[in-house]
Amino acid sequence: MPVFGIEPDSYTGGGVVTTNPASSTGTAASGLPKLRWPGRRVRTAFVLGGGANRGAVQVGMLRALSERGIAPDLLVGTSIGAVNAAAFAGEPTIEGIYLAADVWRRIVAEDVFPRGRFDGTWRFLQRREAVYPIDGLRKVVRGFLRFERVEDSPVPLVLVSTRLEDGAEEWITEGPAVEAVLASAALPGLYPPMQVGGFHYFDGGVLDNVALATALSAGARRVFILLCGPVDISVPVFTRPYEAMFAAFGIALTGRLKRDLAGVGPEVDVVVFEGLTASGRGEPVDFSRTEEWIEQGYRTARDVLDGYDAVVRARRSSAARARGAAAMDKARKRLRP
């Protein structure tokens, strides 16, 4: 049944646009744009979600995956997940993970949230575009990246951002790498919108903090999701209005992920690594626990992978037995007079 009252352009493609030229071949079964890279087949995808300073856990998760020899055909990142995805895409090895961990360990709050002349709550009430300039974050991102343009990434890379002019979710697959990462990580209110190619962008987490749908639109059949927090969040008792707003935003983010997970078909394996619980998160400007969080991410992913490996082995064993039984049945039929 058609939709009445609005133009089809308002919802075609699920409100998603992409800079990937190959996506012009059509749409996926979900109605979202297809993502294709000529000469490359996407089977395994890593999806890295947003979560500010808690993104340190993803470094440990990437280490656990690399130690198992699990390599991505596609990396998808949103917000801080875009920073980590782009960093890993440039050198998708154990050595690259150790280098990224070193960069994380050197970050302090002043690097990305610099104190000004008027610090504290007053900064949120001033008439200005954002609380913090994005220059410090830009410097940090440059320290992570090893390629100039997104399309030059050794591993296909998609950075999810929110386009202000029309509210579209944009899957960025080409263009200046630093600008694209910042477009995905510009937290509304904290950082000013990023201007790239004539458009303005906010943090991709506004529309899709964990872009599972992006990986599925690329044809992935095995998706590893690297979260910065848990799937089930507990809302703390809040005493300030802005705390209530942040709590509501967090509920919306996890609600989207749960709906996406519920819609995954049986032909796709999705492996989820949960991040920090509410009690272990700390303040968004606290980078003093980076080492602890990297190690926690590693342990969490290692334990989940142990369980997943056991399931895969059992599945293969069952399939082998089924093939053996079918072969024996076929042989018996041949021997019958």
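**Buried faces, paired strands and enclosed space**

Mentor: Let's start with strand β5 (residues 169-172), which is covered on both faces: Glu169 and Trp171 on one side are buried, and so are Glu170 and Ile172 on the other. This is a predicted model, in which local features need pLDDT of at least 70 and side-chain atom pairs count only at pLDDT 80 or more, while totals for chains, interfaces and linings use all residues. Residues are numbered from 1 along each chain as its sequence is written, and side-chain values use heavy atoms, with hydrogens and water left out.

Trainee: What makes a residue "buried", and what makes a stretch a "strand"?

Mentor: Buried means under 20% relative accessible area, exposed means over 50%, and partly exposed lies in between, using a 1.4 Å probe and protein chains only. Strands are DSSP runs of E with at least two residues, helices are runs of H or I with at least four, and both are numbered from the N terminus. By these rules the chain has nine helices and nine strands, and 45% of its 337 residues count as buried.

Trainee: Which strands pair with β5, and what makes them a pair?

Mentor: Two strands pair if DSSP finds at least two bridges between them. Strand β1 (residues 16-18) is joined to β5 by three bridges and runs parallel to it, with Thr18 as the bridge partner of Trp171. Four bridges join β4 to β5, and these two run antiparallel; here Val160 stands opposite Trp171. Both counts reach the cut-off, so both are pairs. β4 and β5 also form a hairpin with five residues between them, and Gly167 in the turn has a positive phi of about 70°.

Trainee: Which side chains of strand β9 are buried?

Mentor: In a regular strand the side chains alternate between the two faces of the sheet. In β9 (residues 269-273), Asp269, Val271 and Phe273 point to one face and are buried, while Val270 and Val272 point to the other and are not. β9 pairs with strand β8 (residues 222-226) in the parallel sense over five bridges, and Phe224 stands opposite Val271.

Trainee: Why is Leu212 called buried?

Mentor: Its relative accessible area is 0%, which is under the 20% limit, so Leu212 is buried. Leu212 lies in helix α7 (residues 212-217). Leaving out residues up to four places away in sequence, it touches Val47, Val223, Ile225, Asp260, Leu261, Val264 and Val270; contact means heavy atoms within 4.5 Å. Leu212 and Val264 are 52 residues apart in sequence but 9.4 Å apart in space, C-alpha to C-alpha.

Trainee: And why is Ser153 called buried?

Mentor: With a relative accessible area of 8%, Ser153 is also under the limit, so the word fits. Ser153 sits in the loop between α5 (135-144) and β4 (157-163). Its side chain reaches the backbone oxygen of Val155 at 2.5 Å. A polar contact is a pair of N or O atoms within 3.5 Å; within protein, one must be able to donate a hydrogen and the other to accept it, and residues adjacent in sequence count only if both atoms are side-chain atoms.

Trainee: Why is α2 (80-90) described as largely enclosed?

Mentor: Ten of its eleven residues are buried, so α2 is largely enclosed by the rest of the structure. Among the buried ones are Ile80, Asn84 and Phe88. Helix α6 (residues 177-185) is mostly covered, with eight of nine residues buried.

Trainee: How many cavities are there, and what makes a space a cavity?

Mentor: On a 1 Å grid over the protein atoms alone, a cavity is a set of points where a 1.4 Å probe fits but cannot get out, and lining residues have an atom within 4 Å of a point. Points are joined across faces, edges and corners, and a volume is the space filled by probe spheres set on them. Two cavities of 30 Å³ or more pass this rule. The largest has a volume of about 200 Å³. It has 15 lining residues, and Ala52, Asn53, Ile80, Val112 and Leu137 are the closest to its centre.

Trainee: What classes of residue line the largest cavity?

Mentor: Its lining has 13 nonpolar, two polar and no charged residues. Ala, Val, Leu, Ile, Met, Phe, Trp, Tyr, Cys and Pro count as nonpolar, Asp, Glu, Lys and Arg as charged, and the others, Gly among them, as polar. The second largest cavity has a volume of about 50 Å³, and α2 gives the most to its lining, with three residues.

Note on methods
1 Å grid on protein atoms, 1.4 Å probe; cavity = no way out; pocket = protein on both sides within 12 Å on 5 of 7 lines; lining within 4 Å.
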